Amino acid sequence: FKGIFTDVKADDWFAGVAESARNVGIISGYDDGSFAPNNIISRQEMAKILVAAANYLKIPVNIPEKPPEFQDAEEIDGWAEQAVAAVGAMGLMQGMNDNTFSPRSNVTRAQATVVVSRLLGLTGGEAE
């Protein structure tokens, strides 16, 4: 087993899924070749993954000319700006109650469940 990620072993319970997700472009890992499987995911990383998953599922992804105006827009990393705008336009993720996106905040299990359910809804599928 010669995996794509430097920190994923063949017998890791998620190895096959991580490799498959990388192979179809849903995840990319970090510049150093790692996946960091035990890291917590941020809201902007979730946005990027959702857009990649939508592309894989052939769900139209339109990036609005005018992105949402969040009070903390300057905190969104450049690599995530289009993804944050797209998931907002698609109705997958919104800002917080205080008109921030909180790009570096952790995604909760509840938030992840809601956005995945919304994504499935765009495919005509539904979470049970």
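Visitor: Which residues line the second largest pocket?

Guide: In this predicted model, the second largest pocket has a lining made up of Ile26, Met46, Ile49, Leu50, Ala53, Tyr56, Leu57, Val116, Leu119 and Leu120.

Visitor: And which elements give two or more residues to that lining?

Guide: Helix 2 and helix 4, the latter spanning 109-122, are the elements that do so for the second largest pocket, and helix 2 gives the most, with 5 residues.

Visitor: How do the residues of that lining divide into nonpolar, polar and charged?

Guide: For the second largest pocket the count is 10 nonpolar residues, with no polar and no charged ones, and the space inside comes to about 160 Å³.

Visitor: OK, switching to the largest pocket: what volume does it have?

Guide: The largest pocket has a volume of about 930 Å³. Its lining consists of 28 residues, of which Ile27, Phe35, Ile41, Glu45 and Ile49 are the closest to its centre.

Visitor: Ile49 came up before, didn't it, so which helices supply at least two residues of the largest pocket's lining?

Guide: Ile49 is indeed listed in the lining of the second largest pocket as well as among the residues closest to the centre of the largest one. As for the helices, helix 1 (15-23), helix 2 (43-56) and helix 3 (81-90) each supply at least two residues to the largest pocket, and helix 2 gives the most there, with 5 residues.

Visitor: What's the lining of the largest pocket like by class?

Guide: By class, that lining has 19 nonpolar residues, together with 6 polar and 3 charged ones.

Visitor: Let's talk packing, then. At what angle do helix 2 and helix 3 pack?

Guide: Helix 2 and helix 3 pack at about 65°, and their axes are 8 Å apart; the two helices are therefore roughly perpendicular to each other, and their crossing is left-handed.

Visitor: Which residues make that contact?

Guide: On the side of helix 2 they are Gln44, Ala47, Lys48, Leu50, Val51 and Ala54, while helix 3 brings Ala83, Val84, Ala86, Val87 and Met90. Sorted by class, this contact between helix 2 and helix 3 has 9 nonpolar residues, 1 polar and 1 charged.

Visitor: And helix 2 with helix 4, how far apart are their axes?

Guide: The axes of helix 2 and helix 4 are 11 Å apart, and the packing angle is about 20°, which makes helix 2 roughly parallel to helix 4. In this case the crossing is right-handed.

Visitor: Which residues meet there?

Guide: Arg43, Met46, Leu50, Ala53 and Ala54 of helix 2 meet Gln111, Ala112, Val115 and Leu119 of helix 4, and by class that contact has 7 nonpolar, 1 polar and 1 charged residues. Leu50 also takes part in the contact with helix 3, and Leu50 is listed in the lining of the second largest pocket too.

Note on methods:
Residues numbered from 1 in each chain as written. Predicted model: local features only at pLDDT ≥ 70, side-chain atom pairs only at ≥ 80, totals over all residues. Heavy atoms only, no water. 1 Å grid on protein atoms, 1.4 Å probe; cavity = no way out; pocket = protein on both sides within 12 Å on 5 of 7 lines; lining within 4 Å. Points joined across faces, edges and corners; volume = space filled by probe spheres on them. Helix = DSSP H or I, 4+ residues; strand = E, 2+ residues; numbered from the N terminus. Nonpolar A, V, L, I, M, F, W, Y, C, P; charged D, E, K, R; others polar. Axes fitted to C-alpha atoms, helices over the stretch in contact; angles between N-to-C directions. Parallel < 35°, antiparallel > 145°, perpendicular 65-115°, else oblique. Left-handed = near helix turned anticlockwise from the far one by under 90°. Contact = heavy atoms within 4.5 Å.
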